[in-house]
Protein chains: 2
Amino acid sequence: MPARQTATVSGPVLIIGAGLLGASVGLGLAVQGVRTWVSDISPTTEAVAADIGAGRSLARFVREEGEAAARERVDPQLIVVATPPDVAAATVIRCLREYPGASVVDIASVKAPILAEVEASGADVSRYLGTHPMSGREKSGPVAARGELFTSRPWVICEHDAVAPETVRLAHGLATDLGSIVTYLDVEEHDAAVALVSHVPQVMSSLLASRLRETPLEALGLAGQGLRDTTRIAGSEPGLWVQILSANARPVVETLYGVRADLDRLIGTLEAPTADGARLDIAQLMSEGNAGVARIPGKHGGAPKAFSELTILVDDTPGQIARLLTEIGEIGVNIEDLRMEHSPGQPVGMVEVAVVPTAHDRLVDELDARGWKIVK
Amino acid sequence: MPARQTATVSGPVLIIGAGLLGASVGLGLAVQGVRTWVSDISPTTEAVAADIGAGRSLARFVREEGEAAARERVDPQLIVVATPPDVAAATVIRCLREYPGASVVDIASVKAPILAEVEASGADVSRYLGTHPMSGREKSGPVAARGELFTSRPWVICEHDAVAPETVRLAHGLATDLGSIVTYLDVEEHDAAVALVSHVPQVMSSLLASRLRETPLEALGLAGQGLRDTTRIAGSEPGLWVQILSANARPVVETLYGVRADLDRLIGTLEAPTADGARLDIAQLMSEGNAGVARIPGKHGGAPKAFSELTILVDDTPGQIARLLTEIGEIGVNIEDLRMEHSPGQPVGMVEVAVVPTAHDRLVDELDARGWKIVK
């Protein structure tokens with residue numbers, strides 16, 4: 001979290017939509033001393049967000065002061081629209097009209113349709129800017145909100161021709177005040193990018209997981225980490241994804257055309273697996289997958305293979321993993337990545353640790369000398 | 001590792017194919033005092049496997065003793081065929097003929113074609129049994145071998161009508177002596193099961209990762225844990241997967257027909273996302289994914305949602321994660337699952353911890369009181 005003296009947003013900030021993301025924005029700003037207001041179509045959500053400290057309840061203030069007086073006294077510098085995507089554009093347009101002195105940003109995960117709708121409305125688009133914080137949300141609702149939700153995460157800002165410098169300054173300040181790393185893309189670039197890195201992976205995971213509905217349980221008992229990893233996000237909330245996929249249908253479907261062409265080719269190959277060239281076809285698909293995954297940046301911006309991995313066997317008792325990591329710390333090696341593998345049916349765990357390659361052999365030797373079982 | 005007095009395989013055991021899996025079998029048996037021999041078509045691989053203690057080199061013994069004398073003196077109780085899948089059947093048939101007193105098991109990842117080829121050969125199929133240890137292998141070669149590779153992992157045994165009880169006893173003993181959990185399936189059940197839990201996930205991950213080849217790097221900079229998880233296994237070795245997908249083409253393609261039907265339906269829906277019923281179609285796909293992923297057994301056999309998760313922010317300095325886990329141990333909560341999330345461009349990590357739901361709130365409170373930042 002940056003120190004307050006470097007912050008940009010001075011407030012007041014009005015947050016519309018007080019779910020996980022909106023309430024997290026409010027909490028993150030409020031702890032920096034910014035005056036925040038929260039508003040939600042659900043009175044309960046708004047009250048919970050206010051109770052946890054995300055901001056004062058706008059509805060209560062309106063009840064106490066009357067609508068016109070309240071609006072004048074709230075007088076937001078910045079409005080953050082954190083509603084579900086399908087009502088984001090309408091909410092932005094209403095805010096631009098109700099608060100002529102405020103800049104308005106939204107944080108929905110699809111950007112081109114919202115900008116188009118705001119432009120078509122005739123509202124003052126110079127005070128509007130679309131943004132998208134790339135923060136996880138496996139839980140929802142204000143109770144799950146945390147001011148640190150955006151720390152170290154990318155936050156995309158989608159500039160457009162008509163935007164005013166003050167609105168860009170505030171949008172950038174909002175993201176950096178909350179600890180995010182800002183990336184500038186235009187709305188089409190953004191929507192194509194999230195189609196590839198977020199929406200199509202969601203579709204593929206759901207398509208795969210869907211095949212497991214009729215699988216015999218004894219087959220599922222053979223599931224390893226590969227199946228768990230590829231299907232984890234298939235557990236996401238359908239309601240939100242219906243809105244996202246509908247709103248970003250064109251970029252998603254254009255990528256899916258490529259998937260379908262490759263899938264059709266593979267199905268044809270596997271229908272005649274002994275035909276000439278069949279093995280080459282399969283090898284090509286696999287190699288293309290290798291080439292694609294190698295392009296994903298790693299933790300410190302490097303390729304994923306920048307670290308060496310080792311897997312250590314641990315008893316499934318409290319304190320074992322802590323003891324292992326304490327000893328790795330004593331050995332003086334920094335852990336770059338860490339995961340624990342599931343062990344079906346037995347009380348033994350495997351901890352996979354990634355370290356810089358130069359530390360790998362020494363770590364293996366020292367852990368071995370201390371009696372740890374290195375599996376691979 | 002079970003104590004030696006409970007072990008079944010007394011040896012000698014001859015291991016053909018001394019890569020990661022074969023050498024790991026040798027190491028795991030050798031440390032229990034079983035006499036093991038290793039043989040590989042690559043003299044270097046065979047020598048390395050012998051050097052690391054997986055077994056005596058059969059080629060060297062044959063050079064010293066002559067072929068017939070060596071074969072007589074080796075006299076294996078059990079032969080483990082750990083060659084690449086495309087030569088497994090031919091190797092099994094040759095072993096059944098050369099060693100008439102031995103039981104022969106293979107450990108290739110596709111089972112029906114091998115049994116069919118052994119049956120068709122006229123060799124003594126009563127001494128053959130197909131098996132499949134479900135152990136990870138992101139690395140290859142005997143240098144990566146570990147005797148504990150099979151610990152707590154499923155090991156499938158595929159009985160057939162003609163198999164002798166002694167061969168079943170030895171195959172079962174091999175798996176349990178190495179610490180695996182045995183599952184019995186027939187060859188068709190096995191091949192259908194691994195198509196679903198292993199081969200189709202590999203295909204989907206490769207199809208998805210392949211789309212990333214042309215992605216602008218700034219888009220890839222937005223990648224989160226979802227993309228990393230869904231594409232991780234796309235980094236697998238193409239050579240091995242060409243053999244696996246070719247050998248198991250029929251069960252894989254039958255599952256892919258279902259994927260294609262769902263994909264076609266989704267593409268149609270996304271081509272007209274505002275049509276009647278479009279949102280319902282998307283919701284249905286997402287819900288089917290939810291239903292499928294919920295059926296994957298968790299660590300202790302429960303559903304994945306049996307644990308509550310929380311994410312804690314840690315500095316990326318040595319000892320931080322150890323300190324966190326030590327404190328969780330002090331609080332008295334057992335960690336059921338653990339992973340570290342990547343943080344693009346900043347030296348801050350997020351550790352995701354799964355605990356039993358009854359411990360969740362107490363852990364959050366206690367960690368909060370100790371100054372840890374809980375992100376969600």
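Glu288(B) is buried in this predicted model, at a relative accessible area of 12%. Even so, the Glu288(B) side chain has a charged partner on the other chain: Glu288(B) and Arg213(A) form a salt bridge, 3.8 Å from N to O. The link runs from helix α13 of chain B to the loop between α8 and α9 (217–220) of chain A. Arg213(A), for its part, is partly exposed, with a relative accessible area of 28%. Here's how the rest of the picture fits around that pair.

**The A–B interface**

- Chain A puts 128 residues into the contact, and chain B puts in 130 residues.
- Together the two chains bury about 12600 Å², and 64% of that area sits on carbon and sulfur atoms.
- Eight salt bridges are counted between chain A and chain B.
- Besides the Glu288(B)–Arg213(A) pair, there's a salt bridge between Asp264(A) and Arg260(B), where the closest N and O atoms are 2.8 Å apart.
- Polar contacts add to the tally, with 25 residue pairs found across the interface, both partners being at pLDDT 80 or more.
- Helix α12 (residues 249–271) of chain A gives the largest share of the chain A side, at 17 residues.
- Sorted by class, the chain A side that touches chain B has 63 nonpolar, 34 polar and 31 charged residues.

**The nonpolar core**

- As a rule, nonpolar side chains in soluble globular proteins tend to be buried together.
- The largest nonpolar core here holds 46 residues.
- Which residues have the most contacts inside this core? They come from both chains: Leu256(A), Leu270(A), Leu256(B) and Leu270(B).
- On the chain A side, helices α8 (187–210), α11 (238–247), α12 and α13 (278–293) each supply at least two residues of the core, and α8, α11, α12 and α13 of chain B do so too.
- Leu256(A) gives a good view of how the chains mix: within its own chain it touches Val200(A) and Val203(A), and across in chain B it touches Leu263(B), Leu266(B), Ile267(B) and Leu270(B). That list leaves out residues up to four places away in sequence.

**Salt bridges within chain A**

- Over all chains, the whole structure has 30 salt bridges.
- Arg250(A) and Glu254(A) pair up through their side chains at 3.7 Å, N to O.
- Both of these residues belong to helix α12 of chain A, and they're four residues apart, about one turn of the helix.
- Arg250(A) is partly exposed at 41% relative accessible area, and Glu254(A) is partly exposed as well, at 49%.
- Arg323(A) and Glu327(A) make another salt bridge, at 3.3 Å from N to O.
- Arg323(A) and Glu327(A) are four residues apart in helix α14 (residues 320–331) of chain A, so about one helical turn separates them.
- Are the two ends of that pair buried or exposed? Arg323(A) is partly exposed at 40% relative accessible area, whereas Glu327(A) is buried at 12%.
- Glu67(A), Arg71(A), Arg94(A) and Glu98(A) go beyond simple pairing, as a network of salt bridges links them.

**Chain A as a whole**

- Chain A is built with 15 helices and twelve strands.
- The C-alpha trace of chain A spans about 70 × 55 × 40 Å along its principal axes.
- Chain A has 376 residues, and 58% of them count as buried.
- For contacts in chain A between residues at least 6 apart in sequence, 68% join residues at least 24 apart.

**A look at Val92(A)**

- Where does Val92(A) sit? Helix α5 (residues 88–98) of chain A holds this residue.
- Val92(A) is buried, with a relative accessibility of 0%.
- Setting aside neighbours within four places in sequence, Val92(A) is in contact with Val81(A), Val104(A), Asp106(A), Val118(A) and Tyr128(A).
- From Val92(A) to His199(A) is 24 Å in space, C-alpha to C-alpha, and 107 residues in sequence.

Methods: Residues numbered from 1 in each chain as written. Chains lettered and ligands numbered in written order. Heavy atoms only, no water. Contact = heavy atoms within 4.5 Å. Buried area = accessible area lost by both parts, 1.4 Å probe. Salt bridge = Lys/Arg side-chain N within 4 Å of Asp/Glu carboxyl O. Polar contact = N/O pair within 3.5 Å; in protein donor to acceptor, adjacent residues only side chain to side chain. Nonpolar A, V, L, I, M, F, W, Y, C, P; charged D, E, K, R; others polar. Core = buried A, V, L, I, M, F, W, Y, C linked by side-chain atoms within 4.5 Å. Buried < 20%, exposed > 50% of the residue type's maximum accessible area, 1.4 Å probe, protein only.
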